Amino acid sequence: MGGDMTTESEIPRLIPGSGLTNYPPPDRWDDWEEWDAKAWPRRVKNRYRLVPTTCFNCESACGLLAYIDKDTGEIRRFEGNPAHPGSRGRNCAKGPATINQVNDPERILYPMRRSGPRGSGQWERVTWDEALADIGGRMGDAIREGRNDEIMYHVGRPGEDGFMDRTLKAWGVDGHNSHTNICSSGARVGYAMWSGYDRPSSDFANARFILLLSAHLETGHYFNPHAQRIIEAKRAGAKIATVDPRLSNTASMSDIWLSPWPGTEPAMLLAMARLLLEWDAVDHEFMSRWVNWEASMHARYPDRPPTYEAFVDVLREEYAGFTLEWAADECGVGADKIEAVAREIANAGERFSSHTWRSVGSGNLGGWQAARCLQFLHVLTGSVGTVGGLSPSAWDKFKPKHWNMPPPHSRWNDLLWPIEYPLSHHELSFLLPHFLKEGRGRLEVYFTRVYNPVWTNPDGFSWIEMLTDEEKVGLHVALTPTWSETAWYADYVLPMGVAAERHDTHSYETHAARWLGFRQPVLRVAGEREGRTFERTYDANPGEVWEETEFWIDLSWRVDPDGSLGIRKWFESPEDPSRPVSVDEYYGWMFDNSVPGLPDKAAAEGLTPLGYMRKYGAVEVERDIYLVNERPVEDAERGPDGLAYKDGVAVGVTIDGRVVEGFRSPSRKLEWYSSTLDEWGWHDEAIPGYLKTHVYWRDMDMGGNERILLPIFRLPTLIHTRSGNAKYLYEISHGHPLWVNPIDADALGFDTGDLVRISTDSGHFVMRAWRTEGIRPGVVAASHHLGRWRLDDERGNERWSSALVNVEQIGDGKWRLRQLKGIEPFPSDDPDSERIWWSDPGVNQNLAFPVHPDPVSGMHAWHQRVRLTAAEAGDRYGDVVVDTNKSFQVYRDWLSKTKPGPGPDGTRRPLWLDRPVKPTPDAYIYPD
Ligand code: SF4
């Protein structure tokens, strides 16, 4: 590590000499006065209590300050929290739009139970008590009968860290299901196979060169915290290159834009690697110490000398074919651009930073190799863990201990972790309808939580078929802050709070530091400061909107009312076991006992740790974290394999005679050759390489009407399917065109606004074309955000954003969704709803995508090989027609690409690979 460093700075609060502030100082948050700008020229003073919380509108968890009117007790607006170390007082448009979600006139305010057939849209209001008794009773029966794994919790946006892990362990249920395999598993596997860490933490602010394989500035992972640091680097002279077939806003802010054929990105990255090797722009000291070259040579090149020099020769030979000329032709990108990026990487050395998320890894068969190839460039240049480089995620993420944590259970749920996908990074969540169709199991109680698989997942009609089959899904409980297409098919719709209405803790790798954020129900906190008391958060929130933390505690009591299942004890108050643990007790224990430095910071202000977190909403735990792999490990026992152990667990590795932490891979080094991939059947793929995507451009009939569809780019102002009730955001973003390059538009005869029928392998949908040079020829694109729909004019999804549609089964497995009307003004308590001027709801294209599970990562490969034709007579904008029998067949085709376990040691999955709610090792043993 060398060079100077920009340490994390706070955003200045006081503008020198002016007496003006950028942010209200925290010592005045309880009584903040400001002039009402709208009342001008009258001088009207408003008085607020400012209560911090964290945003829930993407995974970044930026800080928010709720401005609560002291006269009315209402939340007036949200602004940034300057005390939050990740976001430093800044937000994107989605943060302040939280106020729309709080005030949405159509929001779900009370628990509801269906009163007609599932999916009929008939609901009755019930009490929380009734809902808890029914759901908890069914769960208790299932657990008593040993059917624990018929209980499944399926989460979209978790927004919390550890509470559900704890809850599922307490229940003894292997039922954690996530959305990750339709989101980011591809990149995660690529990173994990190098280091054991599934995400990168980019030190953007200190980088000299930044390479982005995603639209990172506008919509990337940890979007606003990363974007502000990328721009800081740019202002300090760093250059940026963006790889994206589409001219994103990020590409437009970059010094170099590379627009390759989708899926060829690894070829381009390996051509850069080849150049670095050719130029010897390689950090040999780092490589020789930290790459598993001995194991690589032993396993793959046993006839060569087992020396580092021979290893470097091997690298040159392995990648000799990735010449500039070949890569330029393969990727469709100028050789000069590839060389220019390689030169910038070489010049930046250990201050080279990068990121890839979704994008390549989530679009392509074999897309996980893109992250592996990108990390290879860091390994070559030694920009791993350095100032301005790339660290593993966990170094910069703080996970506090949870109170009274139950031990792991020993169950294994094959519906989530099937034997065909032993290396998948997360659960095969999007295959659930197909698994149930094949008779692999059933669900007694199925929770969807901030998740909308009917709309979001590929092949949504298969989800409707599953959810409407009460044999397959006994009880569907939707925990949700907003209406969704999926909630429509629930038995219970239970309203959960938005960012200002709930407790959660979380921490993310936004920069080279660790922090903890605390989301809190701001009206409850404000009320408590005024001396009021609340039994439950729904007593303070609008209507009876609740929060999951208290819900899971109370539900667990209903599952095991007398404690005979051994579940209740994990949720009893430490002060008085005859009542449930309170949120103050729960988080109070966490802040007292497991956040280093917090008790001292709190004491310095005369506060308890909980009081400090309620006051500031976040705390920085450590800053300027680099080279954790070099940290010495004391008192470990050295093993003959070069690793160091404590209590039989590897905790370090011997490097140059010293025991240091290393990484989390099996060798605790960076694994160019992955013995895991090799031993589990993927010999050829065990080193960073280039795999042919399922949308390989040379296999397409480009002379005819085949093209590659990119369906997953995000819009910076929308939130997957949760922004439907955010009027500020929908006013900004509502159009939904198909991006078509003029070369393709001319060849296919499309003009802007023409209706195009886009056919996939399971059906088709109809959109309008938009001619733009912002997409490479041969590729078309449509954002994944739009296309919301509702089945009833007055109930279900919000009318700010959704089309009224008719969904019809028009044959065996054949479905058609047709829009009856678009977005229109409507009367409500909010006068703005009569001022709606936008009308295009977009098209729910995901319905027409069959599943494409990558056989290694389990990631759904989102990109589609499509045929583009003019809309046919009878086609209407927004039509989606799908045959679920065809989509099932595509599932079977992709299933046949897998190399099922068990592995060489008879296990279902490598024990070292992470997974949520990890069971005990004996659960990994595959039964004979
Ligand atoms: S980036 Fe925007 S949406 Fe995401 S947490 Fe921050 S303010 Fe909220």
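# Ligand shell, strands and backbone of a predicted model

Biologist: By class, which residues make up the shell around the ligand?

Modeller: By class, the shell around the ligand holds one charged residue, five polar residues and six nonpolar residues. This is a predicted model, and the residues around the ligand include Cys55, Cys58, Cys62 and Cys92, along with Asn57, Asn91 and Asn224. Lysine counts as charged, and the residue of that kind around the ligand is Lys94. By class, then, the shell is six nonpolar, five polar and one charged.

Biologist: Alanine 61 is among the residues around the ligand; is alanine 61 buried or exposed, and at what relative accessible area?

Modeller: Alanine 61 sits in the loop that links strand 2 and strand 3, and its phi is positive, near 55 degrees, in a residue other than glycine. Most residues other than glycine have a negative phi. A residue counts as buried under 20% relative accessible area, so alanine 61 is buried, with a relative accessible area of 3%.

Biologist: In the open sheet of four strands, which strands stand at the edges?

Modeller: The sheet is open, with its four strands in the order 1-2-3-4 and antiparallel pairing. Each edge strand has a single partner strand, so one side of each is left without a neighbour in the sheet; these are strand 1 (32-35) and strand 4 (75-80).

Biologist: What is the bridge partner of tryptophan 35 in strand 2?

Modeller: Strand 1 and strand 2 (residues 45-54) run antiparallel and are joined by four bridges. In strand 2, tryptophan 35 has as its bridge partner lysine 45.

Biologist: Which helix packs on the sheet, touching strand 2, strand 3 and strand 4?

Modeller: The helix in question spans residues 522-529, and its direction makes about 120 degrees with that of strand 2. Touching strand 2, strand 3 (63-69) and strand 4, the element that packs on the sheet is helix 19.

Biologist: The peptide bond from tryptophan 40 to proline 41 is cis; near what value is omega?

Modeller: Proline 41 belongs to the loop between strand 1 and strand 2. Most peptide bonds are trans. A second cis bond joins glycine 901 and proline 902, with omega about 5 degrees, and proline 902 has its place in the segment after helix 27 (884-895). For the bond from tryptophan 40 to proline 41, omega is near 15 degrees.

Biologist: Why is strand 7 largely enclosed by the rest of the structure?

Modeller: In a regular strand the side chains alternate between the two faces of the sheet. In strand 7, Ile151, Tyr153 and Val155 point one way while Met152 and His154 point the other way, and all are buried. Strand 7 (residues 151-155) is largely enclosed because its buried residues number five of five.

Biologist: What is the bridge partner of valine 155 in strand 8?

Modeller: Strand 7 pairs in the parallel sense with strand 15 (residues 443-449) over five bridges, and valine 155 stands opposite arginine 449 in strand 15. Strand 7 also pairs in the parallel sense with strand 8 (residues 176-178), over three bridges. In strand 8, the bridge partner of valine 155 is serine 178.

Biologist: Through which helix does the chain cross from strand 7 to strand 8?

Modeller: The β-α-β crossover between strand 7 and strand 8 is right-handed, and its helix spans residues 163-171. Eight of the nine residues of helix 3 are buried, and its buried residues pack against strand 7, strand 8 and strand 15, as well as helix 2 (128-144), helix 20 (548-559) and helix 21 (583-593). Glycine 172, with a positive phi near 70 degrees, follows helix 3. The chain therefore crosses from strand 7 to strand 8 through helix 3.

Biologist: What distance separates the C-alpha atoms of leucine 315 and tryptophan 672?

Modeller: Leucine 315 lies in helix 11 (residues 308-318) and counts as buried at 0% relative accessibility. Leaving aside residues up to four places away in sequence, leucine 315 touches Leu277, Met287, Phe376, Leu380 and Trp672. Although leucine 315 and tryptophan 672 are 357 residues apart along the chain, their C-alpha atoms are separated by 9.9 Å.

Definitions and conventions
Residues numbered from 1 in each chain as written. Predicted model: local features only at pLDDT ≥ 70, side-chain atom pairs only at ≥ 80, totals over all residues. Heavy atoms only, no water. Near = heavy atom within 4 Å. Buried < 20%, exposed > 50% of the residue type's maximum accessible area, 1.4 Å probe, protein only. Helix = DSSP H or I, 4+ residues; strand = E, 2+ residues; numbered from the N terminus. Pairing = 2+ DSSP bridges. Right-handed = clockwise from strand over helix to strand, strands pointing away. Contact = heavy atoms within 4.5 Å. Axes fitted to C-alpha atoms, helices over the stretch in contact; angles between N-to-C directions.
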